[in-house]
Amino acid sequence: GGAIALFASLTHHLTLGGAIVLSSYLPLRDSFPHSLTESGRATPIFMAHGDRDTLVSYRWGVATARGLQSHGLFVDFNTVRGVGHSTSREELEVLRGFLERRLAAAAAPRRAEHRLGGE
C-alpha cells in the first residue's frame, strides 16, 4: 500500500496535503524522476520504517527517502528502532505530529482569508 501511495502522490496532477508512507519504498524507480509532476514535487512526504523490517528492507526505505530528497522533495523520514514490518506507538506519535503540522499549515491561509473577509 505504501509503495502505491507514494508513487501516486508523486505523479498526481493535484498537490496533496501530504503522503504517508510506512515501511515502504518507491516502486518503478527507473521511471523516476521523469514521471514526477510539479504537484508531486510540492507534496510533503512522511516516511517511517522499522529498522528490523524483514519484509521490506529498511535500506530500501532509507534509499527511497534519500533519492527523493536528492530531487528536492520534502521527506520527513523516521527510523523506528527495534520494529519490524509493523507499527508502534512511537511511530504513530511521530505521524500524529506530521498530520497536525500539515493540518495547521492548510488551515492558516483559510483563517487569514476569513479575517480579511470579516473586516
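Exposed here means a relative accessible area over 50%, buried means under 20%, and partly exposed is what lies in between. Keep those cut-offs in mind as you click through this predicted model.

**Stop 1: the whole chain**

Start with a cartoon view of everything. You should find 4 helices and 3 strands, and if you trace the chain along its sequence, the order is α-β-α-β-α-β-α. Now colour by accessibility: of the 119 residues, 36% are buried. Switching to a surface view, the protein exposes about 7400 Å², with carbon and sulfur atoms supplying 56% of that area. One more overall figure is handy before zooming in: take the contacts between residues at least 6 apart in sequence, and 73% of them join residues at least 24 apart.

**Stop 2: helix H1**

Select residues 2–11, which make up helix H1, and show the side chains of its buried residues: Gly-2, Ala-3, Leu-6, Phe-7, Ser-9 and Leu-10. Turn the view until you look down the axis of H1; the buried residues fall within an arc of 165°, so they line one face of the helix. Then bring back the neighbours. The cover over these buried residues includes strand S1 (19–22), along with H2, S2 and H3.

Stay in H1 and pick out Ser-9. Is Ser-9 buried or exposed? Its relative accessibility is 1%, and because that is under the 20% cut-off, Ser-9 counts as buried. Look at where its side chain goes: a polar atom there lies 2.9 Å from the backbone oxygen of Leu-6. Next, show what surrounds Ser-9. Leaving aside residues up to four places away in sequence, Ser-9 touches Leu-16, Ala-19, Gly-40 and Thr-43.

**Stop 3: a salt bridge within helix H2**

Move on to helix H2, residues 38–42, and select Glu-38 and Arg-41. Their side chains meet in a salt bridge, at 3.9 Å from N to O. The two residues are 3 apart in H2, about one turn of the helix. How do they sit relative to the surface? Glu-38 has 62% relative accessibility, which is over 50%, so Glu-38 counts as exposed. Arg-41, at 34%, is partly exposed.

This is one stop on a short circuit, as the structure holds 4 salt bridges.

**Stop 4: a salt bridge between two loops**

Select Asp-51 and Arg-81 next. These two form a salt bridge, and their closest N and O atoms are 3.6 Å apart. Here the partners come from distant parts of the chain, 30 residues apart: Asp-51 belongs to the loop between strand S2 (45–50) and helix H3 (58–70), while Arg-81 belongs to the loop between strand S3 (75–80) and helix H4 (89–118). Arg-81 counts as exposed, at 60% relative accessibility.

**Stop 5: a salt bridge within helix H4**

Follow the chain into H4 and select Arg-96 and Glu-100. Their closest N and O atoms are 3.1 Å apart, and the two form a salt bridge. Which spacing in the helix separates them? Arg-96 and Glu-100 are 4 residues apart in H4, about one helical turn. Both partners are partly exposed: Glu-100 has 45% relative accessibility and Arg-96 has 47%.

**Stop 6: aromatic pairs**

Hide the charged side chains and show the aromatic rings instead. The structure holds 3 aromatic pairs. Select Phe-46 and Phe-98 to see a tilted one, with 5.3 Å from centre to centre and 45° between the planes. This pair links distant parts of the chain, with Phe-46 in strand S2 and Phe-98 in helix H4, 52 residues apart. Phe-46 is buried, with a relative accessible area of 0%, and Phe-98 counts as buried at 3%.

For another pair, select Tyr-58 and Phe-77. Their ring centres lie 6.3 Å apart and their planes are at 50°, so this pair is tilted. Tyr-58 is in helix H3 and Phe-77 in strand S3, so to speak a link between distant parts of the chain, 19 residues apart. Check their accessibility before you leave: Tyr-58 is partly exposed at 21%, and Phe-77 counts as partly exposed at 22%.

Note on methods:
Residues are numbered from 1 along each chain as its sequence is written. This is a predicted model: local features need pLDDT of at least 70, side-chain atom pairs count only at pLDDT 80 or more; totals for chains, interfaces and linings use all residues. Side-chain values use heavy atoms; hydrogens and water are left out. Buried means under 20% relative accessible area, exposed over 50%, partly exposed in between (1.4 Å probe, protein chains only). Rings of Phe, Tyr and Trp (its six-membered ring) pair if their centres lie within 6.5 Å; planes under 30 degrees apart count as stacked, over 60 as edge-to-face and the rest as tilted. Contact means heavy atoms within 4.5 Å. Accessible areas come from the Shrake-Rupley method with a 1.4 Å probe; for residues, only the protein chains shown count as cover. The arc is that of the directions from the helix axis to the C-beta atoms. A polar contact is a pair of N or O atoms within 3.5 Å; within protein, one must be able to donate a hydrogen and the other to accept it, and residues adjacent in sequence count only if both atoms are side-chain atoms.
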